[in-house]
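Thank you all for coming. Please take a moment to look at the screen before I begin.

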Amino acid sequence: MTSPTRLQSSQVKSSMIRPPRGRAREKWHLKPGPHEFRAVNQVGMHAHGADFGENKREPRANHGTGLTKEQEDFLVENGIFTRESLAETKAAIGRGELAESERRTRQEGIDASETATQVATRLHIALHEVDVWRERGDLFAFVADGTLHYPTWQFTDAIDRPVLPHLAKLTAALPDDMHPAGILGFFSTPQRGAGMNGQPMTPGQWLIRGGDVQTLTDILDSFLMS
């Protein structure tokens with residue numbers, strides 16, 4: 001999995017990534033196996049099955065970070081950037097130096113995932129049960145280049161709870177235009193608003209230790225509404 005530090009810098013860029021227009025509710029079909037197809041329900045799929053793969057991405061002009069001052073303040077206050085690192089990132093974007101880095105970051109967000117077959121093996125369940133888990137809100141997936149991906153941040157090492165609790169409520173708060181790389185960055189970053197004994201925790205750590213999922217949805221809302 002990509003390191004949290006690298007992904008933190010990508011969150012400014014990831015916030016600008018948009019799924020292809022006209023695909024927000026397109027039906028996807030997957031068969032058993034990583035690259036085959038069969039009919040599936042879109043429940044539990046990010047952005048209703050919009051394809052975030054590089055092959056579906058539309059070129060866009062460079063217009064800077066696209067963040068408001070309030071959003072920049074949020075990133076700094078929550079420790080995701082310092083003022084200096086944010087200024088450096090903005091300057092690099094302005095010079096066009098981060099185009100390749102942005103592409104790599106997007107791909108890292110896609111690569112930090114497993115196929116349905118791999119998830120079935122991990123959870124010791126039948127392949128068709130992976131769809132059942134997703135449709136009832138116990139698994140979260142996204143589509144990239146026509147393939148269904150299950151991000152690895154949702155899994156734990158606990159035998160009795162191999163997937164993060166409250167997943168359906170938390171992922172419902174993710175905006176449709178948030179790229180899987182940005183989502184990975186959020187789940188990899190300790191959040192000051194979600195900590196114990198003064199120690200910030202990642203969303204996964206917070207939930208595993210019994211933290212309220214509403215705290216995390218509030219953090220997401222604070223950023224999106226700023």
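How many residues of helix α8, residues 180-188, are buried? Before I answer, let me say that what you see is a predicted model. Nine of the nine residues of helix α8 are buried, so the helix is largely enclosed by the rest of the structure. If you would like to find them, the buried residues of α8 are P180, A181, G182, I183, L184, G185, F186, F187 and S188.

Let me now turn to strand β3, which covers residues 147-151. Five of the five residues of β3 are buried, so this strand too is largely enclosed by the rest of the structure. Both of its faces are covered, with T147, H149 and P151 buried on one side and L148 and Y150 buried on the other.

I would like to stay with L148 for a moment, because its relative accessibility is 5% and buried means under 20%, so L148 counts as buried. Across from L148 we find V143, its bridge partner, and V143 brings us to the pairing of strand β2, residues 142-144, with β3, which is antiparallel and runs over three bridges. These two strands form a hairpin with two residues between them, and in that hairpin D145 takes a positive phi near 50 degrees.

Strand β3 has another partner as well, since strand β1, residues 113-114, is joined to β3 by two bridges, and these strands also run antiparallel. Here E114 stands opposite Y150, while S113 and L148, although 35 residues apart in sequence, are 9.5 Å apart in space, C-alpha to C-alpha.

Notes. Residues numbered from 1 in each chain as written. Predicted model: local features only at pLDDT ≥ 70, side-chain atom pairs only at ≥ 80, totals over all residues. Heavy atoms only, no water. Helix = DSSP H or I, 4+ residues; strand = E, 2+ residues; numbered from the N terminus. Buried < 20%, exposed > 50% of the residue type's maximum accessible area, 1.4 Å probe, protein only. Pairing = 2+ DSSP bridges.
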